[in-house]
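Grab a viewer and work through these exercises with the model open. Try each task before you read its solution.

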Amino acid sequence: MTTKFDLIVVGGGILGTFHAYHALNKGLKVALIEKNSVPQGATVRNFGQVVPSGMDLKWQNFGRESLAMYNELQFQADLTVRKNGSVYIASNDEELQLINELHEINKNNDYESVLLSKSECISKFDGLRSDYCKGGLFFPQELSVDSAEMIVKFHRFLQEKLDLKIFYNTTIVETHENDGECIAITAAGTALNASKIIICGGHEFKTLYPEVFNESDLEVSKLQMLQTKPQGIYALQGNILTGLSIRRYESFEECPSFKKIKSMEDPNSFEKKYGVHILFKQALDGSVILGDSHEYADAKNADDLGFDLNMEIDEFMINEAKKIIDLPTYEIQRRWFGVYSQCKTKDIFEYSPSPNIHIVTGIGGKGMTGSGGFSKFNIDKIYA
């Protein structure tokens with residue numbers, strides 16, 4: 001069987017799906033290839049926070065475009081998108097200084113943010129501890145989604161409204177190009193033909209291009225996350241990011257005081273060793289997702305990170321979270337880890353093994369936030 005498309009996208013996560021979406025908007029005939037029955041990778045194992053506020057200026061702009069896309073998609077179909085904002089909670093004077101400096105930077109970038117006093121934070125976010133909070137910086141435009149449910153609904157919307165062809169449970173074992181014609185071969189021996197192929201398979205493109213993969217500067221990050229049992233009538237609005245997030249996120253690196261404040265941190269602390277910063281997000285069922293941590297390995301040595309969960313990390317995150325917000329229950333119903341890939345020297349990995357086959361991956365922790373805007377830019381570039 002031979003099937004011809006304008007574009008084949010390999011990888012049904014958020015980056016691949018947004019590439020398919022923007023190609024469909026150009027009137028192209030698109031196939032999306034997903035090796036599992038539904039996406040199982042980084043797209044469904046994250047917080048579901050769309051937070052341009054944490055990005056550097058380039059990716060903040062992509063993220064702001066993504067906000068508009070998510071809002072438009074939510075208007076057309078329920079993708080679990082909630083416009084309830086993000087807040088960074090400062091725990092001391094240093095972090096308070098950083099959020100004030102970022103607020104000024106946001107003014108210059110024309111990105112809306114609102115400084116909140118300690119009392120305003122405590123009033124707005126139920127259970128926030130007064131002995132932790134010194135103040136906050138709120139971004140009212142930012143969004144929350146329930147990632148695993150969202151990507152399935154996104155796929156269904158694209159199938160029904162834009163005639164996207166999706167091949168689930170389909171593994172691509174070879175791609176090549178002959179005289180401008182691109183061919184993707186499935187494990188079952190089916191040949192899918194297209195004018196162009198875009199590969200967005202996370203750090204797993206090693207199956208298709210092992211030499212490119214092994215020579216890349218990709219690394220993988222393993223993140224541990226937890227989910228409490230439903231919190232009853234308790235409501236925690238928006239994405240809650242805390243002092244360790246202020247000390248970690250790229251946007252704060254642009255603040256004048258950032259380097260000095262970072263230089264005074266203990267490089268041997270537990271949170272440094274495991275890249276821990278504390279985030280909260282309430283899911284649709286009332287449970288609260290907590291996290292996260294970061295352990296790194298070169299992508300070709302990803303297996304070295306193992307498949308186990310480090311209970312010491314989980315206990316540390318729970319204990320730190322309890323210092324920040326008094327939830328009705330910290331009883332945990334689910335624990336998991338996610339893995340995403342990123343470049344050591346660039347903000348995203350791009351490589352074209354032939355003129356019409358493009359590998360695009362290594363977006364790091366920017367996937368849920370930046371994929372919409374970046375994919376539009378990339379599709380426009382590829383089809384210029």
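## Exercise 1: a covered helix

Eleven of the twelve residues of α1 are buried, leaving the helix mostly covered. Here, buried means under 20% relative accessible area, exposed means over 50%, and partly exposed is in between (1.4 Å probe, protein chains only). Helices (H or I, at least four residues) and strands (E, at least two) are DSSP runs, numbered from the N terminus. Before you start, note that this is a predicted model, where local features need pLDDT of at least 70 and side-chain atom pairs count only at pLDDT 80 or more, while totals for chains, interfaces and linings use all residues. Residues are numbered from 1 along each chain as its sequence is written, and side-chain values use heavy atoms, with hydrogens and water left out.

**Task.** List the buried residues of α1, then check its span from first C-alpha to last.

**Solution.**
- Step 1. The buried set is I14, L15, G16, T17, F18, H19, A20, Y21, H22, A23 and L24.
- Step 2. The expected span of a helix is 1.5 Å times one less than its number of residues.
- Step 3. With twelve residues, α1 reaches 16 Å, close to the 16 Å expected.
- Step 4. Look just past the helix: G27 follows α1 with a positive phi, near 85°.

## Exercise 2: ring pairs

**Task.** Work out which kind of aromatic pair F18 and Y70 form, and do likewise for F374 and F377.

**Solution.**
- Step 1. Get the rule straight: rings of Phe, Tyr and Trp (its six-membered ring) pair if their centres lie within 6.5 Å; planes under 30 degrees apart count as stacked, over 60 as edge-to-face and the rest as tilted.
- Step 2. The structure holds 16 aromatic pairs. In one of them, F18 and Y70 sit 5.6 Å centre to centre with 85° between the planes, making the pair edge-to-face.
- Step 3. F18 belongs to helix α1 (residues 14–25) and Y70 to helix α2 (residues 57–76), so this pair ties together parts 52 residues apart in sequence. Both F18 and Y70 are buried.
- Step 4. For F374 and F377, the ring centres are 6.2 Å apart and the planes meet at 45°, so call this pair tilted.
- Step 5. F374 and F377 are three residues apart in helix α11 (residues 367–382), so about one helical turn separates them. F374 counts as buried because its relative accessibility is 2%, whereas F377, at 42%, counts as partly exposed.
- Step 6. Now hunt for a cluster: ring pairs link Y88, Y111, F139, Y249 and F252.

## Exercise 3: charges over rings

**Task.** Over which rings do the charged ends of K124 and K366 sit?

**Solution.**
- Step 1. A charge sits over a ring if NZ of Lys or CZ of Arg is within 6 Å of the ring centre and within 35 degrees of the ring normal.
- Step 2. K124 puts its charged end over the ring of F138, 4.5 Å from the centre.
- Step 3. K366 does so over the ring of W59, at 4.9 Å from the centre.

## Exercise 4: the cores

**Task.** Which members of the largest nonpolar core touch the most other members?

**Solution.**
- Step 1. A nonpolar core is a set of buried Ala, Val, Leu, Ile, Met, Phe, Trp, Tyr and Cys residues joined through side-chain atoms within 4.5 Å.
- Step 2. The largest one has 63 residues, and V30, Y70, F154 and F252 touch the most other members. Its largest share, seven residues, comes from α1.
- Step 3. Zoom in on Y70. Not counting residues up to four places away in sequence, Y70 touches I14, F18, V50, V81, L143, M150 and M368, where contact means heavy atoms within 4.5 Å.
- Step 4. Another core, of 30 residues, lies apart from the largest one; among its members are Y274, M317, Y330 and I332.

## Exercise 5: helix α3

**Task.** Find the buried residues of α3 and what covers them.

**Solution.**
- Step 1. The buried residues of α3 are E95, L98, I99, E101, L102, H103, I105 and N106.
- Step 2. Their cover includes α2, β4 (86–90), β5 (114–116), β6 (135–139), α7 (243–246) and α8 (258–263).
- Step 3. Helix α3 (residues 93–109) has 17 residues and should span 24 Å, which agrees with the 24 Å between its end C-alpha atoms.
- Step 4. Just after α3, D110 has a positive phi of about 60°.
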